[in-house]
Amino acid sequence: MTTTSLPRRSGPRGGRPRSRALRRFTRNRPAMAGAVVLAVIVLLAVLAPLIVAHPPDAVNLEAARQGPSARYWLGTDTSGRDVFARTVYAGRVSLLVGLLAAALSVVLGTVLGAVAGLFGRWADTVIMRAADIVMSFPAVVTIMVLAGIVGPSVTILVLAIGVTQWPVAARVVRGVTMSLRDREYLQAARISGARALWLIRTHVVPAALPPVTVTGTLAVAQAIMLETTMSFLGLGVQPPQASWGNMLNDAQNLTLIQTMPWLWIPPGIAIAVTVLAVNFVGDGLRDAVDPRQAAGVRR
Amino acid sequence: MTGPLLRVRDLSVEFAGEEGTVRAVDGVGFDVAPGEVLGLVGESGSGKSVTAMSVLGLIRPPGRIAGGRVEFRGTDLRTLPEREMRRIRGAEIAMVFQDPMTALNPVLTIGAQIAEAVRLHDRKVSARAARARAADLLRAVGVPDPGQRVRQYPHEFSGGMRQRAMVAMAIANGPALIIADEPTTALDVTVQAQVLALLSTAQRETGAATVLITHDLGVVAEMADRVVVMYAGRVMEHADVRTIFDRPRHPYTRGLLESLPRLDGDAAELPAIPGTPPGMADPPDGCPFHPRCPMARDRCRTERPPLRDVAAGHASACHFHEELGGRGAAAAGEESHA
């Protein structure tokens, strides 16, 4: 302890703990690989119109069921649509649904978890029992019922995934909030006249941000899986709009599977690679923000 | 303004536990005049901090204020809606904590936290202006190089500097009353004096009344105008600081004073008050201090002594306060006990 000025460290304001986490992340090879792959996928999706040679929904019956060629890189489907174009455009939908649904579930979960943790008592009971109930329903079935009632659409898909996935983030944030609740600085903020909303914004959210980022990333992967599942079942993205799920659905037939692998391999690989990349990034983030939890610590 | 700034009357606070209800504060009353420093003295668990939290309206379940009044500028704070209460907290009544390390958020810069105190009560202040004000406040409490310091985190501050930052937060909105809860206890002895001097200066310059919660009679002697001695949730004695030190009229106060090390004494061993404070779940009948009191007799075991005026501005809750007319008479009281 000294009262003299400490040597000033470089780095932007507020950046020190974060830059440390960033350094840990960049040293994590699977995470960096995941990040690079994900960046490529995102770029492909964003730049889709500039990349593909054929519109994804353009039917060309004369060119139907062709194998991969210089003209159709991944061949064409039964309606003569370019499989490469459809795969790339489907990525847009999947990423959009994944990000929006994950964001929705994380925001919902953060608010509810913070309220439950901060207020405790009946608010906690109500919210956490609601979380238990939501988690005890199989998400796929719940979403199927919701989509069945309201009719399938991307909006319903996002809402349904968000509504069924929030308990994960809520539990994380509640835990963080409870550990903060009895800290003196929260009491100090109350004594300074802060109300609950202020406490959540100023003290709870920054403290919960690292674990929530991790939860959110993993929620993206989960949401993409759910989106493809629902689309595969015909309750998600509706044809003719392409989605990895409904592309797989279109290839659902033994002859096609045996004779035209270009119909189902590209969307299948796209799903697996995307989800894997997102999960690697999520794990890397978790290890970076909380090194104590790192699985198989190296270095 | 006429009348006291803060008037506490018959304040009782209870905590519901599994073993039954614990009365942590029992019928406490005192006044704080504008600009005055009131020392609230007692051992751990005597109800000092709970009293302070009651004043701020921050007793949370399972605790509750069971009775009494807390008047601030003549208004009973217990009747105020939460909204009004929030306006008073931090702006009219501010608090300095015991341990500045735990009272500061470790992941926010010092500047952000002082700015938070400013912006909570003046939403019109821009973030930039609040930050500038934070630097001004740090300068005012004697933190060198405040322009750089606002960008640092609590762990980059020394204990004394952190407590200065806490004081800066407390005075940010020019409060009329500062509650300092053991403000020097967590600090190195060498910086305790500096922080006390700072509190004195801040108190003089802002004209804020101060409730100084402490178990350290040395701090009381240095800072306080008047003293309330608490034991087991009750007020034992209440007088101005000179009277407390020169003519205590309660055996507990006397015990506290005798257990202070003295420069002019040659005692090989410091006298201590025998025993431990009573468990609050099962307080003794009669006077709460009687199990440890050298003067205790049968009446003390059965009859609870009320807080009575023994002289102008001097009250004691002892049946036998007459026997403690001064230090000399105190010794006589001990003999009569034997």
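Which residues is B:L177 in contact with, once its neighbours within four places in sequence are left aside? I began my notes with this residue, and I keep in mind throughout that the model is predicted.

**Entry 1: B:L177 and the cores**

I looked up the contacts of B:L177 and found B:L5, B:L6, B:V32, B:E92, B:I93, B:A208, B:A209 and B:V211, with neighbours within four places in sequence left out. I then checked the largest nonpolar core, which has 103 residues, and noted that B:L177 is one of the members that touch the most other members, together with B:I114, B:L138, B:A165, B:V167, B:A168 and B:L212. I also wrote down a second, separate core of 71 residues, which includes A:L104, A:V173, A:A270 and A:A277. As a general remark, nonpolar side chains in soluble globular proteins tend to be buried together.

**Entry 2: strands 6 and 7 of chain B**

Next I followed strand 6 of chain B, which covers residues 93-96, and asked myself which residues lie on each of its sides. I found B:I93 and B:M95 on one side and B:A94 and B:V96 on the other, and since all of them are buried, I recorded both faces of the strand as covered. Strand 6 of chain B is joined by 4 bridges to strand 7, residues 177-181, and the two strands run parallel. Within strand 7 of chain B, I found that B:I179 is the bridge partner of B:M95.

**Entry 3: an open sheet in chain B**

I then turned to a sheet of 4 strands in chain B, which is open, has the order 2-1-4-5 and is paired in antiparallel fashion. Its edge strands are strand 2 (20-32) and strand 5 (75-76) of chain B, each of which pairs on one side only. Between strand 1 (residues 6-17) and strand 4 (residues 63-72) of chain B I noted 8 bridges, with the strands running antiparallel, and in this pairing B:V13 has B:I65 of strand 4 as its bridge partner. I also saw that helix 1 of chain B, residues 48-55, lies across strand 1, strand 2 and strand 4, and that it runs at about 110 degrees to strand 1 of chain B.

**Entry 4: two positive phi values**

While reading the backbone angles I stopped at B:D10, which has a positive phi of about 50 degrees although it is not a glycine. I placed B:D10 in strand 1 of chain B, and I asked whether it is buried or exposed. B:D10 counts as exposed because 12 other C-beta atoms lie within 10 Å, and 12 or fewer is the cut-off for that class. B:R73, also not a glycine, has a positive phi near 50 degrees, and I found it in the loop between strand 4 and strand 5 of chain B. With 16 other C-beta atoms within 10 Å, B:R73 is partly exposed.

**Entry 5: B:R86 and the contact between the chains**

I looked up B:R86 in helix 2 of chain B, residues 82-88, and found that it is buried, because 20 other C-beta atoms lie within 10 Å. Its C-alpha is 9.1 Å from that of B:L56, and the two residues are 30 residues apart in sequence. Which residues does B:R86 contact, leaving aside its neighbours within four places in sequence? I noted A:G193 and A:R195, both in chain A. The contact between the chains takes 24 residues from chain A and 30 residues from chain B. On the chain A side, helix 8 (184-191) and helix 9 (196-232) each supply at least two residues, and that side divides into 10 nonpolar, 8 polar and 6 charged residues.

**Entry 6: the chains as wholes**

For chain A I counted 12 helices and 0 strands, and I noted that 43% of its 299 residues count as buried. Its C-alpha trace spans about 80 × 50 × 35 Å along the principal axes. In the loop between helix 9 and helix 10 (244-250) of chain A I found A:P240, and the peptide bond from A:P239 to A:P240 is cis, with omega near 10 degrees.

For chain B I noted 13 helices and 12 strands. The radius of gyration of chain B is 21 Å, close to the 20 Å that the globule rule gives for 338 residues, so I recorded chain B as being as compact as a globular protein of that length. Buried residues make up 47% of chain B.

Note on methods
Residues numbered from 1 in each chain as written. Chains lettered and ligands numbered in written order. Predicted model: local features only at pLDDT ≥ 70, side-chain atom pairs only at ≥ 80, totals over all residues. Pairing = 2+ DSSP bridges. Contact = placed C-beta atoms within 7 Å. Axes fitted to C-alpha atoms, helices over the stretch in contact; angles between N-to-C directions. Nonpolar A, V, L, I, M, F, W, Y, C, P; charged D, E, K, R; others polar. Rg over C-alpha atoms; globule rule 2.2 N^0.38 Å. Core = buried A, V, L, I, M, F, W, Y, C linked by C-beta atoms within 7 Å.
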